[in-house]
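Reader: I'd like to go through this one label by label, asking what backs each of them up. Could you show me what we're looking at?

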Amino acid sequence: ESAIAKAKSKLALIESASRPPIATSTAAQLDEPATSSQDMPFVLKPLPWVLGALSPVISSKTMMHHGAYYSQCIESANRLSRDHKKLAGKNPLEIVRWAREHARGTELLTTASEAWNHSFYWQCMTPGKKRPNGELRKALDRMFGDFSNFADKFALAGATHVGSGWLWLTANSRKQLRILTTSDADCPEARGYTCLLAIDLWEHAYYLDHQNRRREYLDALIDRRLDWEFAEQRFRLVLQGETQARRKASSRAGDRKRSRHPKPQRKAATSRR
């Protein structure tokens, strides 16, 4: 009981530091250091919206339960990561990647992944209804036809996922979009995907508001609460990465061409006497 009270008090601190309901900016990358303290790589950051701003899709009561679980993951991930000297100075995503390789099946991997996933999830939601735009909208239309078709496939993937887990919209280095579901705390970003959006499929994320009607929760969240501006920022990272890769490939091709066909050297001019 004391642990739950402590977790709820931490969530209250998040609420008190929350920004206005419509955030002015969001961090596009989550693999940057979250804190200057090596002992506390995982931190409770302010929510991008005030508590209750996502109602009626996600109520304040749900967020209180949700946030208590999140704060416990933060606390455990920090405590367990201190047991490994190799993790000193690493950021949250680096810790998740290390744990996937060296600490599978452990509490460290579970809590670190859940902490990262939740931090990402908060940024994927917004109080105002939005729709995709820009290059991401074009990519969605190419892959799914239109937003309505995408929304149906996205919700269906989450609704038919068996057990607890996460629903993701991801992109690869070729700008191709893919809908993924992962079980329990698995994190696609740690496996090389660029995550654009995430939706929590654990029961604590929706049961108080929608009971066992997971599809109802997903339809409402996808239609009214996804932050497509944040997703567009994330997609730009993919586009920038592709452009840089193309430039490097072009530079290497030019170097090979020059090495195969060196320029003839001019003979030094001789003076006549």
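Reader: How many disulfides does the structure hold?

Author: Zero. One thing to keep in mind throughout is that this is a predicted model.

Reader: How do you know that Cys124 is not bonded to another cysteine?

Author: Its closest cysteine sulfur is in Cys195, 8.5 Å away. A disulfide needs two sulfur atoms within 2.5 Å, so that distance is too far for a bond. Cys187 is in no disulfide either, with the sulfur of Cys195 as its nearest at 5.7 Å.

Reader: What makes Cys124 and Cys187 count as buried or exposed?

Author: The cut-off for buried is under 20% relative accessible area. Cys124 comes out at 0% and Cys187 at 1%, so both count as buried. For the chain as a whole, buried residues make up 44% of its 273 residues.

Reader: And Val96, why is that one called buried?

Author: Same kind of reasoning: its relative accessibility is 0%, so Val96 counts as buried. Val96 sits in helix H3, residues 92–102. Setting aside neighbours within four places in sequence, Val96 is in contact with Leu109, Ala112, Ser113, Trp116, Cys187 and Ala190. Take Leu109: 13 residues separate it from Val96 in sequence, yet C-alpha to C-alpha they are 6.2 Å apart.

Reader: Which other residues of H3 are buried, and what covers them?

Author: Besides Val96, the buried ones are Pro92, Leu93, Ile95, Trp98, Ala99 and Arg100. Their cover includes helix H2 (60–81) and H4.

Reader: What makes Asn91 a cap for H3?

Author: A side-chain oxygen of Asn91 lies 3.1 Å from the backbone nitrogen of Leu93, at the N-terminal end of the helix. The limit for a polar contact is 3.5 Å, and 3.1 Å is within it.

Reader: Let's move to the strands. How do you know that S1 and S2 are paired?

Author: Pairing takes at least two bridges, and seven join S1 (residues 165–171) to S2, so the pair qualifies. The two strands run antiparallel. Within that pairing, Thr170 stands opposite Arg178 of S2.

Reader: Why are S2 and S3 called edge strands?

Author: The open sheet has three strands in the order S2-S1-S3, with antiparallel pairing. S2 (177–183) and S3 (194–200) each have a single partner strand, so one side of each is left without a neighbour in the sheet. From one strand to the next, the twist averages 25°.

Reader: What lies across this sheet, and at what angle to S3?

Author: Helix H4 lies across S1 and S3, running at about 90° to S3.

Reader: Which residues touch the most other members of the largest nonpolar core?

Author: Leu169, Leu177 and Trp228, out of 71 residues in that core. Helix H4 (residues 107–123) supplies the largest share, eight residues. Leu169 gives a feel for the packing: leaving out residues up to four places away in sequence, its contacts include Leu140, Phe150, Phe154, Leu177, Thr194, Leu197 and Trp228.

Reader: Last one: how are the helices and strands laid out along the chain?

Author: The chain has nine helices and three strands. From the N terminus on, they run α-α-α-α-α-α-β-β-β-α-α-α. As for contacts with a separation of 6 or more, 75% are between residues 24 or more positions apart.

Definitions and conventions:
Residues are numbered from 1 along each chain as its sequence is written. This is a predicted model: local features need pLDDT of at least 70, side-chain atom pairs count only at pLDDT 80 or more; totals for chains, interfaces and linings use all residues. Side-chain values use heavy atoms; hydrogens and water are left out. A nonpolar core is a set of buried Ala, Val, Leu, Ile, Met, Phe, Trp, Tyr and Cys residues joined through side-chain atoms within 4.5 Å. Buried means under 20% relative accessible area, exposed over 50%, partly exposed in between (1.4 Å probe, protein chains only). Helices (H or I, at least four residues) and strands (E, at least two) are DSSP runs, numbered from the N terminus. Contact means heavy atoms within 4.5 Å. Axes are lines fitted to C-alpha atoms, for helices over the stretch in contact, and angles run from 0 to 180 degrees between N-to-C directions. A polar contact is a pair of N or O atoms within 3.5 Å; within protein, one must be able to donate a hydrogen and the other to accept it, and residues adjacent in sequence count only if both atoms are side-chain atoms.
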